[in-house]
Every structure is written in C-alpha cells, then in structure tokens.
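Subject: Structure for your review

Dear colleague,

Here is the structure we spoke of handing over. Please look through it alongside the notes below.

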Amino acid sequence: MKQIYSTLVICLLLGTTSLNAQIIKLAKDKLTPNMVFMSFERIMGKEALRVVKDSTIQKVDEPTFVRLNGIDFINGTIEVKVLSRLLKNAPETARGFIGVAFRINEANSSFESIYIRPTNGRADDQIRRNHSIQYFSYPDYKFDRLRKEAPERYESYADMTLNEWITMKIVVNGPEAKLYLNDAKQPNLLVKDMKHGAGSSGGIGLWVEVGTEGYFTDLKITK
C-alpha cells in the first residue's frame with residue numbers, strides 16, 4: 001500500500017502528462033505513406049525513417065507525409081528528432097523543409113502543420129532567416145496566404161542548419177500550438193489561433209516538402 005501511495009505522489013509531482021507518454025516505434029506496419037516514399041536507414045548514429053516527397057506532386061504545403069496508424073490526437077505534445085538534406089535534383093527554392101502534421105482527418109484532406117526550413121536558419125538574408133519556421137493549415141491556409149494576410153504572425157527564426165539532428169517539440173492545447181527546438185526553454189513559435197479551431201482531432205504525420213531528403217527518429221507522443 002505504501003509503495004502504491006509513493007508512486008502516486010511521485011506521479012503528481014512530475015505531472016500527470018508523464019502517465020500518458022508513448023514512445024512510438026517507427027516500423028513499416030505502423031506507418032502509411034501519403035504522397036511520399038519511405039524507407040529505413042541508419043544515419044548519423046541513429047536508425048531512422050527516410051521520407052521523400054513524390055516528385056509528381058507539384059503543389060506545395062500538401063498532405064505529403066507518412067501517417068502513423070491508429071493515432072487519434074487532439075491535445076498534448078509531439079516530440080521527434082528530424083534531420084534534412086537536399087536531394088541532388090532539389091530545385092533552387094528547396095530549403096530542407098521538414099516537420100509534423102497533426103489533427104489529420106481520416107481522408108487526409110484537413111490538418112494543421114508546423115515545419116522548419118533549415119537552410120534559412122543561417123542565410124545571409126535577414127528576411128529568409130525570419131522564415132525559418134512555418135505554421136500552415138491545410139487546405140485553406142498555406143504559407144503564402146498566411147504570409148500575405150498576416151505577415152510575421154505564423155513564421156519565426158531559429159538557428160539551425162541541414163544535416164544535423166534537430167528536436168522538434170510541438171505542444172498543442174485547444175486552438176494554440178507552441179514549437180520548441182532542441183533545448184529551448186521558451187517556444188520558438190507561438191500560434192494562438194490554429195485555423196481548424198480547438199475541437200479538431202485526428203492523426204499525426206511526418207511531413208516533408210519538395211527537394212527534401214527527410215529523416216525522423218525518437219518519436220514520442222504525450223496526451
């Protein structure tokens with residue numbers, strides 16, 4: 001009895017969210033590619049999922065992700081290590097785009113997403129640096145519309161580069177999302193008004209864009 005009581009006290013001190021943390025093994029039978037190609041490789045000392053966008057998909061900010069099977073997510077934390085490289089045939093506009101889609105509906109036709117542009121993190125142009133992190137909401141609020149209608153509100157800067165492991169931690173609560181990169185104590189991006197609202201829920205996807213050779217590992221979801 002004392003042991004049970006002590007365990008409960010420890011859990012309360014650590015926070016109840018720790019009770020619901022789930023480490024997700026990225027295995028083929030637990031994943032479904034959508035408009036992307038996936039494989040598994042060892043890179044920079046880690047076993048990882050490799051994801052590349054289908055080159056026939058010409059539009060940007062599309063549902064180009066590997067979806068996790070059997071996940072229904074509304075509020076909580078998504079944490080994953082990502083690494084991106086540029087493909088040999090990457091266009092000049094490629095930035096190493098890589099990130100996470102969440103609250104994906106069953107048809108993959110509606111979701112929220114936060115992604116990073118690693119090449120922008122150390123660009124010589126300040127405007128490009130300001131566009132290192134991006135939020136978008138599919139299908140109606142892609143990056144170009146958000147940048148035009150609410151400049152600077154859904155983008156931010158953080159130091160990053162290609163070919164290195166970057167930890168993305170996305171904390172979702174109602175209509176709000178916060179992105180923390182690596183060991184940041186304060187969020188690198190704050191989104192107060194996600195476009196699908198507070199009540200949407202759905203799947204989680206590991207997302208890439210044109211020109212990116214993306215890698216994902218160490219995925220953890222806390223609800």
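The notes cover strand pairing and then salt bridges. Please keep in mind that this is a predicted model.

Strand pairing

Strand β6 (residues 76-86) has antiparallel partners in β11 and β15. With β11 (residues 166-173) it shares 7 bridges, and Thr77 has Val171 as its bridge partner there. With β15 (residues 212-222) the antiparallel pairing runs over 9 bridges; Lys81 stands opposite Thr217 in that strand.

An open, antiparallel sheet is formed by 7 strands in the order β2-β5-β14-β7-β8-β9-β10. Its edges are β2 (31-34) and β10 (155-156), each of which pairs on one side only. Within this order, β7 (residues 98-104) and β8 (residues 111-116) are joined by 5 bridges, and Ile98 is partnered with Ile116 in β8.

Salt bridges

There are 12 salt bridges in the structure. One of them joins Asp218 to Lys46, with the closest N and O atoms 3.0 Å apart. Asp218 is in β15 and Lys46 in β4 (residues 46-53), 172 residues away along the chain. Asp218 is partly exposed at 41% relative accessible area, and Lys46 is also partly exposed, at 24%.

Glu213 and Arg50 form another, at 2.9 Å between the closest N and O atoms. Glu213 lies in β15 and Arg50 in β4, so this pair ties together parts 163 residues apart in sequence. Glu213 is buried, at 14% relative accessibility.

Arg147 pairs with Glu155, the closest N and O atoms being 2.7 Å apart. Arg147 is partly exposed at 28%, whereas Glu155 is buried at 7%. Finally, shared salt-bridge partners join Glu41, Arg50 and Glu213 into one network.

Regards

Terms used. Residues are numbered from 1 along each chain as its sequence is written. This is a predicted model: local features need pLDDT of at least 70, side-chain atom pairs count only at pLDDT 80 or more; totals for chains, interfaces and linings use all residues. Side-chain values use heavy atoms; hydrogens and water are left out. Two strands pair if DSSP finds at least two bridges between them. Helices (H or I, at least four residues) and strands (E, at least two) are DSSP runs, numbered from the N terminus. A salt bridge is a side-chain nitrogen of Lys or Arg within 4 Å of a carboxyl oxygen of Asp or Glu. Buried means under 20% relative accessible area, exposed over 50%, partly exposed in between (1.4 Å probe, protein chains only).
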